[in-house]
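Good morning, and thank you for making time for this item. I would ask everyone to bring up the sequence and the model, and to follow along as I go through them.

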Amino acid sequence: MSKSKSDATVTAFHDHDVIVPKKNLKSFAQKVTADETEFDWEAIERAEAALNELSPEFDGWMISECDRLEAARKLLTTGGLSKGTTQVLFRAAHDIKGEGTTFGFPLAARIADSLCRLVFHTAKPAALPLDLIDSHVAAIRAVVRENVRGEDDPVACELADHLRVLTDNFLKDQHKDDPDWLAEYGTPSIVPE
């Protein structure tokens, strides 16, 4: 069944809706030429300069993100493993995953990626292993507290790799009866780290 709204057509299915906007998005697009002379390199330089000015704030922001992640972890123990509490944890981890490298902590970002993978691919929140979540959060906080910069600290790398293996093993067990999931996510990434 389709119904039309002023700016879109909505088709409802039993478990989802498909929304088709009336305006074609192509009408908003602009062609960009590959001509390098039209590229605004000064904009890149201005952005890099602005980032450089903000860089003294990065450590404080990273500590705040770690505090937010720790608060989300505590919410799991006090509020239980629910969709709501795990989403709070996922958002906090996802922000560290996205910002960690920019803030100078790429290994924290790598560990946060593993935590995001654990939460995202576990279908039932109640099945999430709290000890593995705790280990991820403690590892991220340790990387930041010990000021582990770069991607070559051997202890932090080993810890990140170990947590990823534990996460992958847990997820493979959770999805052992799901060949589609295993085919898509159960193999190592071919993207170089």
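I begin with the charged pairs: there are 13 salt bridges in this structure, which is a predicted model. As general background, side chains of opposite charge can pair when their charged atoms come close.

The pair I would like to show you is Asp 59 with Arg 149, whose side chains meet in a salt bridge at 2.5 Å, N to O. What does this pair tie together? Asp 59 belongs to helix α2, while Arg 149 sits in the loop between α5 and α6, so the contact links parts that are 90 residues apart in sequence. Asp 59 is partly exposed, at 35% relative accessibility. Arg 149 is likewise partly exposed, at 34%.

Please turn now to another pair in helix α2. Arg 73 and Glu 70 form a salt bridge through their side chains, with an N to O distance of 2.7 Å. Because these residues are three apart in helix α2, about one helical turn separates Arg 73 from Glu 70. Are these two charged residues buried or exposed? Arg 73 counts as buried, because its relative accessibility of 18% falls under the 20% cut-off. Glu 70 is buried as well, with a relative accessible area of 15%.

A further salt bridge brings together the side chains of Asp 173 and Lys 176, at 3.7 Å from N to O. Here Asp 173 is partly exposed, with a relative accessible area of 44%, whereas Lys 176 counts as exposed at 55%. Elsewhere, salt bridges with shared partners connect Lys 97, Asp 113, Arg 117, Arg 164 and Asp 168 in one network.

Let me step back to the overall layout. How many helices and strands does the protein have? The secondary structure comes to seven helices and three strands. Along the sequence, the pattern reads β-β-β-α-α-α-α-α-α-α. The protein has 193 residues, and buried residues make up 29% of them.

I turn next to how the helices pack. Helix α4, residues 106-121, and helix α5, residues 130-145, pack at an angle of about 165 degrees, and their axes are 9 Å apart. That angle makes α4 roughly antiparallel to α5, because the cut-off for that description is an angle over 145 degrees. The crossing of α4 and α5 is left-handed.

Helix α5 also packs with α6, at an angle of about 160 degrees and with the axes 11 Å apart. The helices α5 and α6 are therefore roughly antiparallel to each other. Once again the crossing is described by its hand: α5 passes α6 in a left-handed crossing.

Between these helices, please look at the loop that joins α5 to α6, the latter spanning 154-174. Asn 147 lies in that loop, and I would draw your attention to its backbone. What is the phi of Asn 147? The value is near 55 degrees, which is positive in a residue other than glycine. For context, most residues other than glycine have a negative phi. At 43% relative accessibility, Asn 147 counts as partly exposed. Arg 149, the partner of Asp 59 shown earlier, also lies in the loop between α5 and α6.

Another loop deserves a moment. Ser 82 lies between α2, residues 58-79, and α3, residues 83-99. Ser 82 is partly exposed, with a relative accessible area of 29%. How far apart are Ser 82 and Ala 127 in space? From C-alpha to C-alpha the distance is 9.9 Å, although the two residues are 45 apart in sequence.

I close with the surface. Which residues make the nonpolar surface patch of about 240 Å²? Phe 13, Val 18 and Val 20 make this patch. One of them, Val 18, lies in strand β3, residues 17-21. Val 18 is partly exposed, at a relative accessible area of 33%.

To review, I have shown a salt bridge between Asp 59 of helix α2 and Arg 149 in the loop between α5 and α6. I have also shown helix α5 packing with α4 and with α6, in each case in a roughly antiparallel arrangement. Thank you for your attention.

Terms used. Residues are numbered from 1 along each chain as its sequence is written. This is a predicted model: local features need pLDDT of at least 70, side-chain atom pairs count only at pLDDT 80 or more; totals for chains, interfaces and linings use all residues. Side-chain values use heavy atoms; hydrogens and water are left out. Patches are made of residues with over 30% relative accessible area and no salt bridge: like charges are joined within 9 Å, nonpolar side chains (Val, Leu, Ile, Met, Phe, Trp, Tyr) within 5 Å. Accessible areas come from the Shrake-Rupley method with a 1.4 Å probe; for residues, only the protein chains shown count as cover. A salt bridge is a side-chain nitrogen of Lys or Arg within 4 Å of a carboxyl oxygen of Asp or Glu. Helices (H or I, at least four residues) and strands (E, at least two) are DSSP runs, numbered from the N terminus. Buried means under 20% relative accessible area, exposed over 50%, partly exposed in between (1.4 Å probe, protein chains only). Axes are lines fitted to C-alpha atoms, for helices over the stretch in contact, and angles run from 0 to 180 degrees between N-to-C directions. Angles under 35 degrees count as roughly parallel, over 145 as roughly antiparallel, 65 to 115 as roughly perpendicular and the rest as oblique. A crossing is left-handed if the near helix is turned anticlockwise from the far one by less than a right angle, and right-handed if clockwise.
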